[in-house]
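I am opening my notebook on a structure that is new to me. I will look things up one at a time and write down what I find.

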Amino acid sequence: MESAAFDVPGVTWNRVSDRLIGVRRLTVAVFLGIPALATVLPAVIVGSAMWLLPAVLVLLVAWAWWLIPRQVRAIGYAELEDDLLIRKGVLFRSLTVVPYGRMQYVDVQAGPLMRRAGMAQVQLHTASASTDASIPGLLEAEASRLRDRLTEAGEARLAGL
Amino acid sequence: MSTPNPWAPPPSATAAEQPRPDAGDPPPDAPAAPGEPGADERIEWRRLHKVTPLLNAWKAAAVILGLAVWNYGEDLAQLDLAWAMKILLVVGAIVLGAIIGLVYGAIAWRRTRYGIGEESVFLHSGVLWRQQRHVRLDRLQAVDVTQPLLARLFGFSSLKIESAGGAGSNLTLSYLTDTEAQRVRNEILARAAGVRRTGQAPGVAPAPAQEAPERPLLELGAGRLVGSLVRSGFMIVTILLVAGLVLAIALTRTFQLAGALPGVLAAVGYAWSRFAGEFSFRLGLSADGIRLRHGLLEAKARTVPPGRVQALSFSQPPLWRRKGWWRVRMNVAGYGGEGEETTTVLYPVATTEEVALILPLVLPDLGTDRPLEVLQAALTGTGTDEGFIISPRRARVFDPLTWRRNGVRITDTAVLIRTGLWWRTLAVVPHERTQSLAMTQGPLERRRGLAGVDLHSTSGPVTATIVHLDVETARTLLLEQAERARRARRHAGPERWMSRREGGEPDAAALRAGYAGVLPAVPAREEMP
């Protein structure tokens, strides 16, 4: 596969829950679909050029519909002995290595949609603001397991700055 | 719901979720009531100097005067009063402001007290909103002694202890007398270093801590500072702007373009702040770390203990090239995000020889057998000389000019990242100071089989990003760098930099030997005792 470069030999990746696809699609439907519907009305009344706006919005929704499952399936994380690996992205890919000992704190967050789906996001913070170590769409049980594991590992390998 | 709630406290590890002490602000309920920070520790509480309200009062006066002029300035001008009356009104506003400032300042002063414990520095303050700030000494990142102009004239200083909680994560003691500030700084640094004074009877006032012996290394002359400002990019833009403005005014004989004046004034203001801030910049080395002193009107003396510099960068605008000058900047966790350019400068204008002297202060050992050659290649070189890894040929599409210059060299102790052909930059990150690593790739890079690697450092002027490497090289580099950083962390010096020595005096001679390092110092400076 093409993404081989973003794989690490000997590492099995954990995937996030497929429920995240539903949640993200719903979000897109709300934030793009409703405006699309709303712009249909003036288009019906005025006609012609006004159809451009809903058309673009519908295209965006369709694109997001197609992209979201790929994005979600591209998210992977692996707990190594000393580091957490996070892999992300379809178009813009990234592979992040966060040493447990560098962890300053862990966040577990969930919005109302995520909570309804029984999911949460775990985010690791280091002393660097540019560290992007968030894992969205973990089932609640997995989120709390990962949080405990990270805090434990962080304590065991604690390093200063 | 049957799934465990991720927000419920887990059985074991709640402590690690608490804000860590290095965030600067411990939770308000943490160490008990004022006056009893530790269980068996007795803190000697002290007050700031009595003059503090007076030194602060002029600020209140200035604010009130500003407000008054802003709101009533025009009314005042139109009022049918004698000049003397108007001046009297203005003076009245100033006096009123000063009195309000003075009264508030006096109350604030009464509420403020500080103490230095074995583990922490304490500051309790606030009139309506009380604040207790405890900074752990092993989390201290830098100590600054500042003398603002007014305070400097009367011999007072303000002392600032930086910790790594982002902007505003500092503890400021203002104002103390100059000697008191020195004493407190030495005390704090000695305790933070882990120098224990033994055989001291409880209750007896401790002997004042010795100032760590300091060796002056470099001093920046005013000539070079002015020269560097004249040759800097923004100055050229400013001069062109002014020239264009004058020309336009001369040609059209109108002042239509006078609207550009604020821009020019801002540029002049910036140049002045650079000049005044970096005037008489002195770099020294003591057992407590790097000492920086600078400032024309407002004088600063800063101490950055060993191991606190997270990353370094050396940059050279095009017009500095012929002079061989470099601007040395640093990431220090406490200074990040404070927005002031001069705060993060390690040395404003260094020659190439001086660069070879400054780098060992942060990185005593460059981790290679040919340090000078590697440094030279890193500063000015292109291509794969001295073991640099550069972008492959196919990256020319993205960097037609710089693809041979952009490169990375990994030594046993640090990563050197060089970028820019016209605007040369070299970033140096010691292995044990990287926070996390990432490899990134956009859609266009993927088509060319390229990827970039980011080394994440604390916030500051230095960013360590390697662009457009071969994707396999990038991945190998990422994984190996993770391993190297782990090994380096294991051997990193302690947070309390003197604690590795078993008691006694700091061994200045050994330290100098270490710092003289692999890179030879500038010979003329070597004669220093």
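Which residue forms a salt bridge with Arg191(B)? I looked, and the partner is Glu118(B), with the closest N and O atoms 4.0 Å apart. I keep in mind that this is a predicted model.

I then checked where the two residues sit. Arg191(B) is in helix 4 of chain B, residues 178-193. Glu118(B) is in the loop between strand 1 (113-116) and strand 2 (120-125) of chain B. The pair is 73 residues apart in sequence, so this salt bridge ties together separate parts of the chain. Over all chains I find 26 salt bridges in the structure.

**Between the chains**

How many salt bridges are there between chain A and chain B? The count is 2. I looked up Arg486(B) and Asp83(A): their side chains meet in a salt bridge, at 2.6 Å from N to O. I also noted 12 residue pairs in polar contact between chain A and chain B, both residues being at pLDDT 80 or more.

Next I asked which elements of chain A supply the side that touches chain B. Strand 4 (93-99), strand 5 (105-109) and helix 4 (140-156) of chain A each supply at least two residues. Helix 4 of chain A gives the most, with 9 residues. By class, that side of chain A has 24 nonpolar, 11 polar and 12 charged residues.

**Size of the contact**

The size of an interface is often given as the accessible area lost when the parts come together. Here chain A and chain B bury about 3,800 Å² between them. Of that area, 53% is on carbon and sulfur atoms. In chain A, I find that Arg102(A), Arg147(A) and Leu161(A) lose the most area to chain B. Together they make up 18% of what that side buries. In residues, the contact takes 47 from chain A and 43 from chain B.

**Two helices of chain B**

At what angle do helix 1 and helix 2 of chain B pack? I read about 145°, with the axes 7 Å apart. Helix 1 covers residues 52-78 and helix 2 covers residues 83-111. Their crossing is right-handed. The contact of the two helices has 18 nonpolar, 4 polar and 1 charged residues.

**Backbone notes**

Which residues of chain B does a cis peptide bond join? I find Ser174(B) and Tyr175(B), with omega at about 0°. Tyr175(B) lies in strand 6 of chain B, residues 170-177.

My last entry is Glu386(B). Its phi is positive, about 55°, although Glu386(B) is not a glycine. I place Glu386(B) in the loop between helix 9 (371-380) and strand 14 (389-390) of chain B.

Methods:
Residues numbered from 1 in each chain as written. Chains lettered and ligands numbered in written order. Predicted model: local features only at pLDDT ≥ 70, side-chain atom pairs only at ≥ 80, totals over all residues. Heavy atoms only, no water. Axes fitted to C-alpha atoms, helices over the stretch in contact; angles between N-to-C directions. Helix = DSSP H or I, 4+ residues; strand = E, 2+ residues; numbered from the N terminus. Left-handed = near helix turned anticlockwise from the far one by under 90°. Nonpolar A, V, L, I, M, F, W, Y, C, P; charged D, E, K, R; others polar. Contact = heavy atoms within 4.5 Å. Buried area = accessible area lost by both parts, 1.4 Å probe. Polar contact = N/O pair within 3.5 Å; in protein donor to acceptor, adjacent residues only side chain to side chain.
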